Amino acid sequence: MNKEDVCILIPTLNEGKTIGGIVSEFKSDGFSNILVIDGHSTDNTVKNAENAGAKVVQQIGKGKGQAVTQAFQIIESKYIVMIDGDGTYLPEEVNKLLEPVTSGLAQHVIGTRIGNYQKGAFTRLNLFGNWILNKIFGFAYGVWLEDILSGYRAFDRDAIKQIELNRTGFEVETEITIECVKKDIKTVEVPIKYLSRTSGAATKLKPLRDGFRIASTIFLLARMHNPLFYFGVMGLFLTLSGLAIGIYVVDEWFKKIDHIPLTILATLLIVTGIQVFILMVLSDLIVSMHRENMHMMSKILKEKEKK
Ligand SMILES: Nc1nc2c(ncn2[C@@H]2O[C@H](COP(=O)(O)OP(=O)(O)OP(=O)(O)O)[C@@H](O)[C@H]2O)c(=O)[nH]1
Ligand SMILES: [Mg+2]
């Protein structure tokens, strides 16, 4: 692999204490193409990144997701490595991530932090949130990964040109992973080390708010990919709420107490729930047929290309 072919992409927002060191380490390791996409930092991030030899571009909008989307549009290198600028990932491990893409084994590599993290790198809430989000992801997309939220990744150019991103915040890693599953971009995970934030710079992640946003991204984007999951969860929620209210209403009725509005509500919830289940079966049929068509279309295109 030629290191000139690699672009190191670092999204930053007020990481002045760490960014210089990260850029220098990549430079001394022989990587000359380093792109810092900055979210209008108010500290010395830009100066330190430029002094260390990185190209700095200011993002147009707000959020890590918007920054990465913008960067993916301007990068034309053969291989891309994405890493956070907060010093929690090790630049020296870059070859572990690049190896599967440069050897053609995968088009997208995720550095998995779960097996080897420094004490304090994850709070208990982060660790639990991470675990549960990976499980929900597994149920929704049928792909069981260990660390869909990792910020240390490698791609080939073809992958980043296929990935379409719409989320602007910390849902970006999730959306990237979902896009790879949907577009059959081969993804592998490699174990990496994860350090705690030692610079003293504040984290920009708000675990509850961002955790909820990530969970809803996993759920909402599953509609086109796995309607059984999307409508199944919705139908189950409606039906179970209806049943719970219904059980209460019947129990009260035995005690000779009537709850007319609640009875109507329970009936409506159960009927809507059943309708959603029917929608689930129909959507699954549509998605399966669409998938078959797409498969056939790409087969025909490939045969045409051969001729
Ligand atoms: N360009 C840009 N970068 C951002 C933005 N928000 C966060 N970042 C960068 O994205 C990377 C990840 O952000 P962190 O705050 O470390 O989030 P995290 O790694 O998920 O959370 P921690 O585990 O607390 O570190 C860091 O390099 C941030 O500086 C933003 O709005 N714009
Ligand atoms: Mg971080």
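Start at Asp 86 and Arg 197: they form a salt bridge, with the closest N and O atoms 3.3 Å apart. A salt bridge here is a side-chain nitrogen of Lys or Arg within 4 Å of a carboxyl oxygen of Asp or Glu. The pair links distant parts of the chain, 111 residues apart: Asp 86 is in the loop between β4 and α4, Arg 197 in the loop between β7 and α8. Helices (H or I, at least four residues) and strands (E, at least two) are DSSP runs, numbered from the N terminus.

This is a predicted model: local features need pLDDT of at least 70, side-chain atom pairs count only at pLDDT 80 or more, and totals for chains, interfaces and linings use all residues. Residues are numbered from 1 along each chain as its sequence is written, and side-chain values use heavy atoms, with hydrogens and water left out.

**Stop 1: around Asp 86**

Color by accessibility. Buried means under 20% relative accessible area, exposed over 50%, and partly exposed in between (1.4 Å probe, protein chains only). Asp 86 is buried, because its relative accessibility is 7%. Arg 197 reaches 26%, so it counts as partly exposed.

Now add Glu 15 and Lys 204. Together with Asp 86 and Arg 197, they are linked in a network of salt bridges.

Stay in the loop that follows β7 and select Gly 200, between β7 (187-191) and α8 (207-220). Buried or exposed? Gly 200 is exposed, at 62% relative accessible area. Draw a distance from Gly 200 to Glu 92: the C-alpha atoms are 22 Å apart, with the two positions 108 residues apart in sequence numbering.

**Stop 2: two more salt bridges**

Side chains of opposite charge can pair when their charged atoms come close. The count comes to 14 salt bridges. One of them joins Asp 84 and Lys 64, at 2.9 Å from N to O. This pair links distant parts of the chain, 20 residues apart: Asp 84 is in the loop between β4 (79-82) and α4 (94-102), and Lys 64 is in helix α3 (residues 64-74). Both Asp 84 and Lys 64 are buried.

Next, select Arg 113 and Asp 147. Their side chains meet in a salt bridge of 2.7 Å, N to O. Arg 113 lies in the loop between β5 (108-112) and α5 (124-141), and Asp 147 in the loop between α5 and β6 (153-156), so the pair ties together parts 34 residues apart in sequence. Arg 113 is buried, with 6% relative accessible area. Asp 147 is buried too, at 0%.

**Stop 3: a charge without a salt bridge**

Go to Glu 171, in the loop between α6 (157-162) and α7 (172-182). Which side chain of opposite charge is nearest to Glu 171? That is Arg 213, 4.7 Å away; Glu 171 is buried yet has no salt bridge. Lys and Arg count as positive and Asp and Glu as negative, while His and the chain ends are not counted. Show the neighbors: Glu 171 touches Arg 213, Ile 214 and Thr 217, leaving aside residues up to four places away in sequence. Contact means heavy atoms within 4.5 Å.

**Stop 4: helix α10**

Select residues 260-306, helix α10, which holds Leu 282. The helix has 47 residues, which at 1.5 Å a residue should span 69 Å; its end C-alpha atoms are 69 Å apart, which agrees. The expected span is 1.5 Å times one less than the number of residues.

Which residues of α10 are buried? They are Ala 266, Leu 269, Gly 273, Val 276, Met 280, Ser 283 and Val 287. Their cover includes α9 (227-254).

Now pick Ile 274, Ile 278, Leu 282, Leu 285 and Met 289. They form a nonpolar surface patch with about 490 Å² of accessible area together. Patches are made of residues with over 30% relative accessible area and no salt bridge: like charges are joined within 9 Å, nonpolar side chains (Val, Leu, Ile, Met, Phe, Trp, Tyr) within 5 Å. Areas come from the Shrake-Rupley method with a 1.4 Å probe; for residues, only the protein chains shown count as cover. Leu 282 is partly exposed, at 46% relative accessibility.

**Stop 5: two positive phi angles**

Select Asn 14, in the loop between β1 (6-12) and α1 (16-28). Its phi is positive, about 55 degrees, although Asn 14 is not a glycine. His 40 also has a positive phi, near 60 degrees. Find His 40 in the loop between β2 (34-38) and α2 (45-52).

**Last stop: zoom out**

The protein chain has 10 helices and 7 strands. Its C-alpha trace spans about 80 × 60 × 35 Å along the principal axes. Of the 307 residues, 46% are buried.

Methods:
Chains are lettered from A and ligands numbered from 1 in the order in which they are written.
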